[in-house]
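Here is a quick tour of one model, written for someone who likes to poke at contacts and side chains. Have the viewer open while you read.

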Amino acid sequence: MQLKLDLQKQAVLSLSGGMDSSTVLLHLLAHDYEVTAVAFDYGQKHKVELERAQELVDYINSSGHNINFRVIKLEGLVDLLNSNLVEGGKDVPEGHYEEENMKETVVPNRNKMFSSIIQAVALSIANEKDCKVIIAMGIHAGDHAIYPDCRQEFRDADYNAFVEGNWDADKVTYYTPYLDGDKYDILLDGESACKILDLDFDEVYKRTNTSYKPIKHYHRPETNAWKWYSDYKSASSVERIEAFIKLGRPDPVAYANENGPVKYDVAKSHVEELLTQHSA
């Protein structure tokens, strides 16, 4: 069930720390929503996304906003999940997102687990404040083929189950602004929202993580200091860089390969070559 955005001003968001959900956060703030953002620690290899989510919230809040942000730990689950994305799983595959092996990045029932908690939070806010609440999601057209739990059919069935299982559930509805768009459309909306909110686009997006294969490099060996970099070969990274290429501006995220940090142009060239091969 979808409602128009201007009907209510309370929103709950699953903030992964990635580009899509981070842009939804900007979108909601630009439309004057009070946002509760929830992230999940489920044993993912790319746990840097949780750090990026916190960094982004801190940056936005320092600019005069007030995001209520929580990290939910699903402890004891990781070794029970069969997925390349979690600790102990096989290597995350590389290549374009449309390839068959990208299905190996599916985490069984992940969005259903997350949605149950998000729905509980949203309904609690709705009852406490006696208001309508939207659950906002950054799912987009590029997700549909690979992830069944990103399709509208799943969202409708999940919402119907939520309504059947809870009193006053009609106070909560879903909002998926990018369902028929792609990451380029998402970045366009991010640009617009940054202008409305008077936020620096690069400062926002360097505080996001899309990489499923983040790389740790020591940049000050004498002090054992290290930082996380995004890879540019896994499918999620390829799709992100493709969107920035189309947008015509460099991605502010720091990239690296197994040998060390690289400039954005190296990542961009790799993706351009991959896209050429893919379209041939």
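## Cysteines

Let's start with something that is missing: the structure holds 0 disulfides. Keep in mind throughout that this is a predicted model.

Two cysteines are worth a look anyway. C131 has a relative accessible area of 21%, so it counts as partly exposed. C194, with a relative accessible area of 2%, is buried, and C194 turns up again below among the contacts of L26.

## The sheet

In what order do the strands of the open sheet come? Reading across, you get β3-β2-β1-β4-β5, which makes 5 strands, and the pairing is parallel. At the edges sit β3 (68-73) and β5 (172-175), each of which pairs on one side only. Going from one strand to the next, the twist averages 25°.

Zoom in on the pairing around β4. Strand β1 (residues 10-14) and strand β4 (residues 133-136) run parallel and are joined by 3 bridges. Within that pairing, V12 has I135 as its bridge partner in β4, while A11 stands opposite I134. On to β5: 4 bridges join β4 to β5, again running parallel, and I134 has T173 as its bridge partner in β5.

## Side chains of β4

Which residues of β4 point one way, and which the other? V133 and I135 go one way, I134 and A136 go the other way, and all of them are buried. As background, side chains in a regular strand alternate between the two faces of the sheet.

## Helices on the sheet

Helix α2 (residues 48-62) packs on the sheet, where it touches β2 (34-41) and β3. The direction of helix α2 makes about 165° with that of β3.

Helix α3 (residues 110-129) lies across β1, β2, β3, β4 and β5. Against β1, helix α3 runs at about 165°.

## Salt bridges

How many salt bridges does a search of the whole structure find? The tally is 11. One of them pairs D41 with K73, with the closest N and O atoms 3.3 Å apart. D41 sits in strand β2 and K73 in strand β3, so the pair links parts of the chain that are 32 residues apart. The two ends differ in burial: D41 is at 11% relative accessibility, which is under 20%, so D41 counts as buried. K73 has a relative accessible area of 52%, which is over 50%, so K73 is exposed.

Next up is K112 with D158, whose side chains meet at 3.2 Å, N to O. K112 lies in helix α3 and D158 in helix α4 (residues 152-165), so this salt bridge ties together parts that are 46 residues apart in sequence. K112 is partly exposed at 26% relative accessibility, whereas D158 is buried, with a relative accessible area of 3%.

Then there is R249 with E191, where the closest N and O atoms are 2.8 Å apart. R249 belongs to the loop between α7 (235-247) and β8 (255-257), and E191 to helix α5 (residues 183-197), with their positions 58 residues apart in sequence. Here R249 is partly exposed, with a relative accessible area of 27%, and E191 is partly exposed too, at 21% relative accessibility. Salt bridges that share partners also join D41, K47 and K73 into one network.

## Nonpolar cores

Some background first: in soluble globular proteins, nonpolar side chains tend to be buried together. In this model, the largest nonpolar core has 47 residues. Which residues have the most contacts inside that core? They are L25, L26, L28 and I60. Helix α1 (residues 19-30) supplies the largest share of the core, 7 residues.

L26 is a good place to centre your view. Setting aside its neighbours within four places in sequence, L26 is in contact with I60, G190, A193, C194, L197, L199, V204 and Y205. A second core, separate from the first, has 23 residues, including L123, V133, Y147 and L179. V133 is also one of the buried β4 residues described above.

Definitions and conventions. Residues numbered from 1 in each chain as written. Predicted model: local features only at pLDDT ≥ 70, side-chain atom pairs only at ≥ 80, totals over all residues. Heavy atoms only, no water. Pairing = 2+ DSSP bridges. Helix = DSSP H or I, 4+ residues; strand = E, 2+ residues; numbered from the N terminus. Axes fitted to C-alpha atoms, helices over the stretch in contact; angles between N-to-C directions. Contact = heavy atoms within 4.5 Å. Buried < 20%, exposed > 50% of the residue type's maximum accessible area, 1.4 Å probe, protein only. Salt bridge = Lys/Arg side-chain N within 4 Å of Asp/Glu carboxyl O. Disulfide = S-S within 2.5 Å. Core = buried A, V, L, I, M, F, W, Y, C linked by side-chain atoms within 4.5 Å.
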